[in-house]
Amino acid sequence: MSEKREHFSSRLGFILAAAGSAVGIGNLVGFPVSATKNGGGAFLLVYALFVIFICLPVMMAEMAMGRKAQKDPLGSYKLLAGNDPKWNFAGFLAVLTPFMIAVFYMVITVWIFGYLSQTALGNLDALAQPDNFGTFINSYTVFGYMAVVAIIVNLILVGGVKEGIEKAAKFMMPALFVLLTALVVYVLTLDNAMAGVKYYIVPDFSKMDASVLNGALAQAFFSLSLGMGILMTYASYISKKDDIVGSAKMVAVTDSLVAFIAGLMVLPAIFSFNPNTDPSTLSDSSVSMIFVYLPKILLALQADIGYFGASVVAFVFFLLVFFAAITSLVSIVEVPTATLSDRKGISRKKALAILTLSTGVLTVLCTMSFGMVESLTSFVNYGGADKSLFDIVYDVFYDTILPLNGLMVCLFVMYRWKKANLSEELSQGCEGYIGSFTEKYVNFSLSTFIPAILLLIFVNTVATKFFAFSIFGF
Ligand code: PHE
């Protein structure tokens, strides 16, 4: 079967697709805002250290597993564990997680697409009204947008690895970069732009505490698409000649660079709108930033460039976020798609149809859990609050299971598959890896402090989220 497996056409194709997955909604708004609130340059520094010293080794391990096995995550765990059933659970979670996060991410991508369409129709003024978002997410038009987004994702994925995923990434990633650069250049010309840049870049180490560190690591982990089986799946589409170590570094650099540059777009815009903004009052949630706060700012640009001009800027902004979201969504739906077609031996088309239906039902239910249907809105109560169905998907899979999946990758690679096999795999396409400092660091960190940190985060998250009890004070 493996000789028939479709591969990316080149290393660049793989890097762009993996970077497309990594660069998502989180990079464009979530990252800049949390950096500004949590110590500016100090946060940037800590984030960069986490990416290099904690996330990169995990990323390489995931990629090595996928490339070695040339299979979906479930198949990779099975094969590399020599069918030891103890590891089936890890493989199962590596497929269930992307399935559920796909639902959560689809809901938000649909909203982005709705806002993109509305700006294209000239309705920026309506989007900027304070109650617009609440009304929008509870209106039935959302289902129309959902259908279009589902069609776009299916059209890309049905094309397969080269003609679908790779082509989409090769178009959308450079386009995203051009749009982002254009917006940054424009925004930096606005009055008071530099005040925003200052808050973003000047370090304030007094803000650093355990919870900020935890947040920065969680953000880096999510941003690099770790723990979701995505990189394992994408790496199963590359050949032994490709350099995983170098590719992983490129993906991490691209992702972090886009996140950093996005800050030069978002913060100046916020400060030009209101030079007296107190960063600590900015919302932590990317959702409220994107859909409530930023439309107001975008509309305010009309004083400078007229309503049409402001609408163009808003359109470019939402298009940029939409491209980022689609390449991420595609990557996450690819995991269960590959698994279903690999495991059951069915065609991609059939696998996609099954997944579109199953994730579709859950996405519709989640969409109705913001007020449309009361029983879904107050679905359960834990951690001292009523939670909607959407909250559950977010709390369980995004917040809790991601670090657990990362932990399992470390333990599996180090103690089941074994260091020597990891090194062997990473050295393919990367001459000089064996014996290098990188090899020593990867093996040491993955077998010691990285799993320890991930375990700590997992335990603390379970305690705080579900029992409203913080073990470590964050
Ligand atoms: N890296 C993405 C982001 O920053 C996260 C993600 C990837 C989410 C893939 C879903 C699917 O938004």
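Cys430 is buried, with a relative accessible area of 13%. This is a predicted model, and it holds zero disulfides. The ligand, taken up below after the cysteines, has 15 residues around it.

**Cysteines**

- Cys430 takes part in no disulfide; its nearest cysteine sulfur belongs to Cys55 and is 20 Å away.
- Cys430 counts as buried because its relative accessible area of 13% falls under the 20% cut-off.
- Cys410 is likewise in no disulfide, and the nearest cysteine sulfur to it, again that of Cys55, is 10 Å away.
- Neither distance meets the disulfide criterion, because that requires two cysteine sulfur atoms within 2.5 Å.
- Cys410 is buried as well, with a relative accessible area of 0%.

**Polar contacts of the ligand**

- The side chain of Tyr105 places a polar atom 2.7 Å from an oxygen atom of the ligand.
- Ile25 contributes through its backbone: an N or O atom there lies 3.2 Å from a ligand oxygen atom.
- Phe222 also contributes through its backbone, where a polar atom is 3.2 Å from a nitrogen atom of the ligand.
- The protein buries 100% of the 310 Å² that the ligand exposes when taken alone.

**The shell around the ligand**

- Two or more shell residues come from each of α1 (11-22), α2 (25-37), α11 (210-223) and α15 (302-344).
- Of the 15 residues around the ligand, the nearest are Ala22, Ile25, Asn27, Tyr105 and Ser223.
- Sorted by class, the shell has seven nonpolar and eight polar residues, and no charged ones.

How values were computed
Residues numbered from 1 in each chain as written. Predicted model: local features only at pLDDT ≥ 70, side-chain atom pairs only at ≥ 80, totals over all residues. Heavy atoms only, no water. Near = heavy atom within 4 Å. Polar contact = N/O pair within 3.5 Å; in protein donor to acceptor, adjacent residues only side chain to side chain. Areas by Shrake-Rupley, 256 points an atom, 1.4 Å probe, with all protein chains shown as cover. Helix = DSSP H or I, 4+ residues; strand = E, 2+ residues; numbered from the N terminus. Nonpolar A, V, L, I, M, F, W, Y, C, P; charged D, E, K, R; others polar. Buried < 20%, exposed > 50% of the residue type's maximum accessible area, 1.4 Å probe, protein only.
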